[in-house]
Amino acid sequence: MRISRRAVVTAAVLATVLPLSACGGESGSGSSDASGKVEGKITFQTWNLQANFKDYFNGVIAGFEKKYPGTEVKWVDRPGEGYADKISADAAGGTLPDVVNVSPDLVAPLARAGLALDLDKAAPQYRKEYLDGAWKAHQIPGTEGTYAFPWYLNTGPMFYNKRLFKDAGLDPEKPPTTYDQVFADGLELAGKSNGKVATLANVPTIEDFGRYGGQLMNKEGTAFAFNDAKGGELLTHYKELYDAKALDAQALTATPESSGHKFLTESVAMNPGSALDLANFKKQAPSLYKNIGITDQVSSTGKANMYVMGLMVNAQTKQKPAAVAFAHYVTDAARQMDFAKQVAIFPSTAGSLDDPYFTKEDGTDETRVRVAAAKSLKTAVNYTPVLFSEQMKTELRNQIAKALQGKQSPKEALDNAVKACDRLLQQS
């Protein structure tokens with residue numbers, strides 16, 4: 001997959017649950033024992049990376065084969081379009097590669113089908129090398145185990161318009177960082193501007209319910225729970241923002257592109273983004289650029305949201321020691337650090353984010369955002385439940401729209417969304 005902030009986000013949310021009913025049970029090679037000599041030929045599959053990073057991966061493969069004589073790695077790269085369908089077909093046909101690039105939602109059905117190796121059993125010695133939140137991202141509610149090595153991470157800070165805050169009588173050097181602060185400042189901004197300036201341009205997503213402190217799913221992984229008291233409270237506040245024009249009027253149909261344009265034209269005071277956006281602001285909106293502020297993601301839990309990519313080991317591989325060793329090699333601190341310096345992603349390995357590359361600013365837009373994002377990733381978590389499908393996201397968004405329009409209460413909206421999502425969960 002192409003690695004940009006938006007692409008990583010998209011990959012994390014757009015993959016569909018794979019239909020694996022055609023897969024058989026585990027064979028003898030499906031055990032969790034990964035001990036033994038690292039040797040033999042394995043296949044490594046990535047997600048639309050070859051076009052831009054061919055030299056990097058060829059170098060990684062050469063390094064691994066040198067470290068472990070007698071190994072051979074065949075690299076295959078699949079296009080982004082249809083990637084989930086390709087994995088589904090390979091899984092059903094018994095042709096799944098030995099090491100596979102996955103996102104948490106892709107690995108969940110593979111793990112349930114017995115095709116993803118449980119690293120807590122096969123390679124527990126490596127867990128301490130990774131950030132705790134990144135390691136847990138490939139765990140599945142109701143199932144014990146971790147089913148992929150954490151690879152690269154991504155997140156983004158929150159941008160805000162200092163001038164708009166100052167014009168409303170708010171301290172431009174103290175932007176809101178919790179939801180309660182956003183709600184209070186949002187009403188103030190809307191009131192002082194007679195409804196011309198909204199604070200946000202998007203309706204809440206499942207990540208917002210998580211960052212607000214609500215429970216998203218039961219521990220067994222059998223039902224969703226974002227209609228709890230915290231969830232109702234969050235949506236009630238969003239309704240108040242919407243009625244006061246503190247939430248943009250077009251938020252119900254907003255896309256990342258449209259909400260970004262709202263921020264660019266200074267009709268919205270806050271918007272998430274990346275270093276790429278800063279460069280765009282500098283070119284297209286100099287007045288915004290000179291008043292840009294950068295702060296942490298809004299969160300009432302103290303932890304930001306992260307997007308995670310991983311490397312899964314096929315539980316049925318005939319070369320389990322080599323496959324585990326290679327997946328670990330690609331995702332170890334040295335390789336991840338090298339990769340992060342080629343593209344705007346972040347390593348999932350413990351301690352890597354303390355490197356000066358992620359802590360020292362040099363006055364450029366790129367390092368301003370990099371440092372802010374890296375700081376938040378140290379304690380970030382993946383709030384999106386691995387079992388939350390694209391259809392479920394649509395159900396939640398539709399019900400939220402009805403609540404904001406006053407067609408149903410926030411509680412009714414969330415109750416209906418949970419019922420629909422539970423039904424889809426049972427069908428998967």
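**Close-up views of a helix pair and a pocket**

**View 1. Helices α2 and α15 in the predicted model.** The axes of helix α2 (residues 50-67) and helix α15 (residues 333-340) come within 11 Å of each other and cross at roughly 170°. Because angles over 145 degrees count as roughly antiparallel, this crossing makes α2 roughly antiparallel to α15. The crossing in which α2 passes α15 is right-handed.

**View 2. Residues at the contact of α2 with α15.** On the α2 side the contact is made by F53, Y56, F57 and V60, while α15 contributes R335, D338 and F339. Sorted by character, the residues of this contact comprise 5 nonpolar and 2 charged ones, with no polar residue among them.

**View 3. The second largest pocket and the residues nearest its centre.** This pocket, the second largest of the predicted model, holds about 800 Å³ of space and has a lining of 28 residues. Of these lining residues, K136, P141, V381, N382 and Y383 are the ones that lie nearest the centre of the pocket.

**View 4. Secondary-structure elements in the lining of the second largest pocket.** Helix α6 (132-136) and strand β4 (139-140) each supply at least two residues of the lining, and the largest share, 4 residues, comes from α6. In character, the residues that line the second largest pocket divide into 14 nonpolar, 9 polar and 5 charged.

Terms used
Residues numbered from 1 in each chain as written. Predicted model: local features only at pLDDT ≥ 70, side-chain atom pairs only at ≥ 80, totals over all residues. Heavy atoms only, no water. Axes fitted to C-alpha atoms, helices over the stretch in contact; angles between N-to-C directions. Parallel < 35°, antiparallel > 145°, perpendicular 65-115°, else oblique. Left-handed = near helix turned anticlockwise from the far one by under 90°. Contact = heavy atoms within 4.5 Å. Nonpolar A, V, L, I, M, F, W, Y, C, P; charged D, E, K, R; others polar. 1 Å grid on protein atoms, 1.4 Å probe; cavity = no way out; pocket = protein on both sides within 12 Å on 5 of 7 lines; lining within 4 Å. Points joined across faces, edges and corners; volume = space filled by probe spheres on them.
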